[in-house]
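Student: Could we go through the empty spaces and the packed regions of this model, setting each term against its definition?

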Amino acid sequence: MPIARLEPHDDFLRVHFAEDEGPRHADFHWFWLRHNSELDRHPTTRERIVCSSELPLGLRPRGVKVSEDAFALDLDWGDRADGQVSRYAAEWLRAHAYAADRVLVPPPPSDSASITVHASQVREPLVPFALARLREEGAVVVRGFGKDTEALIDLFGAAGLAVIETHFGRIEDLRTDNTTNRNTDQLGYTDSAVQLHTDQPFLERPPRYQLLHCQRPAEQGGENSVVDGLAAARYLESLDAPAFELLRAVPVTFHRKQAAFEKVLVSPLLDFDAPGGFRIRYSYFTLAPHRVPFATMEAWYRAYNRFATLVRDERHQLRFRLEAGDFLVYDNWRMLHARTSFTGARWLRGVYFDER
């Protein structure tokens with residue numbers, strides 16, 4: 001029973017088998033493979049001589065290949081002074097496959113071209129077209145619209161959305177020299193990087209959509225990124241169901257405290273039962289100190305950190321730079337967004353919308 005090919009992933013190895021009978025492929029965690037190395041058995045009795053607790057969970061092999069006859073998998077863990085590698089017979093792998101023919105859940109998308117259009121190339125009313133893309137993809141970037149934000153607001157209004165005023169005002173002027181908004185004592189009005197987050201997670205119903213309309217790009221930096229939070233949640237569920245369940249079940253406190261504004265809300269990060277559909281609340285800078293049960297605290301942090309590592313991986317992000325006249329619209333219930341630090345007089349106008 002030969003091995004057809006190998007498909008390495010961050011957390012596991014997919015082994016494709018050449019024969020039609022039985023599973024066509026199987027997934028194996030790297031740690032499971034290391035724990036089952038025949039090199040960690042007594043040469044006479046063939047009993048294990050290494051407990052899994054002696055091995056670090058982050059183990060990854062230095063080399064991965066199919067044996068010359070294609071009937072075995074060879075893994076070089078890089079820790080053998082004698083140069084030996086762990087060998088796993090294809091027949092043995094198939095017999096012990098605990099994830100045979102497992103269906104892969106894709107990670108969040110990373111091709112920003114999939115959400116980008118140019119206003120001059122859209123042959124139908126622009127905003128209804130953009131909203132259709134938004135509802136399908138979670139976000140859309142439109143190049144070359146122009147810098148008239150009020151005209152853009154009118155177009156979104158005609159398409160069925162209403163402006164939602166927040167404690168910042170009706171339109172946010174996201175610039176370091178802001179003089180037009182209230183409550184500007186927060187990161188968005190500085191030139192600092194703002195890592196991935198959702199907006200207004202401390203409100204029972206955060207605004208559904210946000211428009212970011214570029215008036216003037218930064219001299220350097222100021223790139224944007226968005227991540228599909230729904231895709232990230234489903235991807236986490238496929239890799240680590242207990243972590244996913246903790247993010248769904250454990251309520252945490254979001255606390256926005258500014259000089260002239262304060263709001264608190266307790267909610268899980270992932271809500272699949274929210275009115276109107278899936279909702280993610282994710283905002284590292286408005287999380288209050290966690291007060292989850294003692295016996296859950298470490299597991300909660302592991303779950304949160306695994307999700308954070310997943311979404312902060314650039315391979316799972318849609319990254320782009322807005323130029324003057326470009327705009328981004330994203331679903332604030334589904335997408336996380338961020339920006340890099342910058343220099344220069346960067347100016348974006350932000351508007352929140354919801355369905356009428």
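**Cavities, pockets and cores**

Tutor: The second largest cavity has a volume of about 40 Å³. This is a predicted model, in which local features need pLDDT of at least 70 and side-chain atom pairs count only at pLDDT 80 or more, while totals for chains, interfaces and linings use all residues. Residues are numbered from 1 along each chain as its sequence is written, and side-chain values use heavy atoms, with hydrogens and water left out.

Student: Why is this space called a cavity, and what does its volume stand for?

Tutor: On a 1 Å grid over the protein atoms alone, a cavity is a set of points where a 1.4 Å probe fits but cannot get out, and lining residues have an atom within 4 Å of a point. The points are joined across faces, edges and corners, and the volume is the space filled by probe spheres set on them. Among the residues that line the second largest cavity are Cys214, Pro217, Arg321 and Arg346.

Student: What makes up the lining of the second largest cavity by class?

Tutor: Five residues are nonpolar, three polar and two charged, where Ala, Val, Leu, Ile, Met, Phe, Trp, Tyr, Cys and Pro count as nonpolar, Asp, Glu, Lys and Arg as charged, and the others, Gly among them, as polar.

Student: How many cavities of 30 Å³ or more does the structure hold, and how much space lies in the largest cavity?

Tutor: There are two cavities of 30 Å³ or more, and the largest contains about 340 Å³ of space. Its lining has 26 residues, of which Gln186, Gly188, His197, Asp199 and His337 are the closest to its centre. The largest share of that lining, three residues, comes from β21, a strand (a DSSP run of E, at least two residues; helices are runs of H or I, at least four, and both are numbered from the N terminus). By class, the lining of the largest cavity divides into 10 nonpolar, 11 polar and five charged residues.

Student: What makes a pocket, as opposed to a cavity?

Tutor: A pocket is an open set of points with protein on both sides within 12 Å along at least five of seven lines. The largest pocket has a volume of about 420 Å³, and of its 18 lining residues the closest to its centre are Asp11, His29, Leu57, Arg60 and Arg306. The second largest pocket holds about 210 Å³, with α7 giving the most to its lining, three residues.

Student: Why is the largest nonpolar core called a core?

Tutor: The name applies because a nonpolar core is a set of buried Ala, Val, Leu, Ile, Met, Phe, Trp, Tyr and Cys residues joined through side-chain atoms within 4.5 Å, buried meaning under 20% relative accessible area with a 1.4 Å probe and protein chains only. The largest has 33 residues, and Leu247, Leu269, Leu270, Tyr282, Trp300, Phe307 and Val311 touch the most other members. α7 gives the most to this core, with seven residues.

Student: How do you know that α7 has close to its expected span?

Tutor: The expected span of a helix is 1.5 Å times one less than its number of residues. α7 has 19 residues and reaches 27 Å from its first C-alpha to its last, close to the 27 Å expected. The buried residues of α7 include Trp300, Phe307 and Val311.

Definitions and conventions: Buried means under 20% relative accessible area, exposed over 50%, partly exposed in between (1.4 Å probe, protein chains only).
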